[in-house]
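Here's a quick tour of the fold, from the overall layout down to the packing inside. Have the structure open as you read.

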Amino acid sequence: DDMIFWSFAGASAAPPAAPPMHTELKKALQQEVLAAKSRWGGAIKLSKAPAGTPTAPLPIGVERTIARPASAEAFDVDDLRVRLLIDGPSASAECVRVEVSGDALPAQLQAAAAARVAELWGGILTKYSLAAPAAGGPFAIERVLAWCETKYTELLNLLPELVEGYDGVNEVGVTIRRYCLVDRAEGGEGGGGSSSEE
């Protein structure tokens with residue numbers, strides 16, 4: 001089964017370079033991953049370090065593709081991909097990181113959104129412990145990924161200077177206000193008009 005990260009019986013060929021993750025924490029992580037997979041099915045992708053890597057199976061990644069919710073219908077962003085990575089042997093802010101991507105997301109917004117999600121996740125992990133875990137488990141994977149969906153529009157608006165409005169037409173022919181994200185990295189400050197090279 002591809003969701004089993006560790007074999008609790010048997011030894012690996014090479015000892016890990018990092019301290020091993022506590023067995024209880026491994027089991028809790030596996031349960032959290034299974035819960036996320038059960039809740040979101042094919043929208044969840046798992047990754048782990050290849051066998052033979054000194055830190056294997058770390059890092060472990062849980063990525064969710066979040067389809068645009070109705071609350072963000074005015075945005076020209078079909079989905080966000082949020083990847084939660086566990087790099088170390090504990091459920092702590094120091095052992096996790098976040099990546100956010102999306103076809104319509106400028107690099108600056110990807111970085112800002114990843115920082116915002118990492119801030120939330122780190123705060124949850126700092127507040128709770130294995131002895132008294134956050135709701136859903138010590139890594140709070142399902143909680144963080146669900147939060148990303150509810151805050152989809154907030155994440156897109158983290159850098160308001162990248163949000164550009166325009167008048168569009170909806171599926172029934174009514175003119176509506178829509179929003180797209182623009183990459184201002186190449187054009188500098190970008191005040192005034194928009195540059196088009198089509």
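## The big picture

Of the 198 residues in the chain, 36% are buried. Keep in mind that this is a predicted model. You'll find four helices and six strands here, and reading along the sequence they come in the pattern α-β-β-β-β-α-α-α-β-β.

How far apart in sequence are the residues that touch? Take the contacts between residues at least 6 apart in sequence: 54% of them join residues at least 24 apart.

## The nonpolar core

The largest nonpolar core holds 45 residues, and those that touch the most other members are Val 82, Leu 84, Ile 86, Val 117, Ile 141 and Leu 156. At least two residues each come from α1, β2, β3, β4 (96–101), α2, α3 and α4. Which element gives the largest share? That's α2, with seven residues.

Val 117 is a handy place to zoom in. Setting aside neighbours within four places in sequence, Val 117 is in contact with Val 82, Leu 84, Val 98, Val 144, Trp 147, Cys 148 and Leu 155.

## Helix α3 and its surroundings

Helix α3 spans residues 141–150, and its buried residues are Ile 141, Val 144, Leu 145, Ala 146, Trp 147 and Cys 148. What do these buried residues pack against? Among the helices, the partners are α1 (23–40), α2 (107–127) and α4 (152–156); among the strands, they are β1 (44–48), β2 (60–67) and β3 (79–86).

## Where α2 meets α3

The α2 and α3 axes come within 10 Å of each other and cross at roughly 145 degrees. It's a right-handed crossing. On the α2 side, the contact is made by Arg 116, Val 117, Leu 120, Trp 121 and Ile 124, while α3 brings Arg 143, Val 144, Trp 147 and Cys 148.

How do the residues of this contact divide by type? Seven are nonpolar, two are charged and none is polar. Val 117 turns up here as well as among the core residues that touch the most other members.

## The β5–β6 hairpin

Further along the chain, strand β5 (residues 163–169) runs antiparallel to strand β6 (residues 175–181), and seven bridges join the two. One pairing to look for is Gly 168, whose bridge partner in β6 is Ile 176.

The two strands form a hairpin with five residues between them. While you're at the turn, check Gly 173: its phi is positive, at about 90 degrees.

Technical notes. Residues are numbered from 1 along each chain as its sequence is written. This is a predicted model: local features need pLDDT of at least 70, side-chain atom pairs count only at pLDDT 80 or more; totals for chains, interfaces and linings use all residues. Side-chain values use heavy atoms; hydrogens and water are left out. Two strands pair if DSSP finds at least two bridges between them. Buried means under 20% relative accessible area, exposed over 50%, partly exposed in between (1.4 Å probe, protein chains only). Contact means heavy atoms within 4.5 Å. Axes are lines fitted to C-alpha atoms, for helices over the stretch in contact, and angles run from 0 to 180 degrees between N-to-C directions. A crossing is left-handed if the near helix is turned anticlockwise from the far one by less than a right angle, and right-handed if clockwise. Ala, Val, Leu, Ile, Met, Phe, Trp, Tyr, Cys and Pro count as nonpolar, Asp, Glu, Lys and Arg as charged, and the others, Gly among them, as polar. A nonpolar core is a set of buried Ala, Val, Leu, Ile, Met, Phe, Trp, Tyr and Cys residues joined through side-chain atoms within 4.5 Å.
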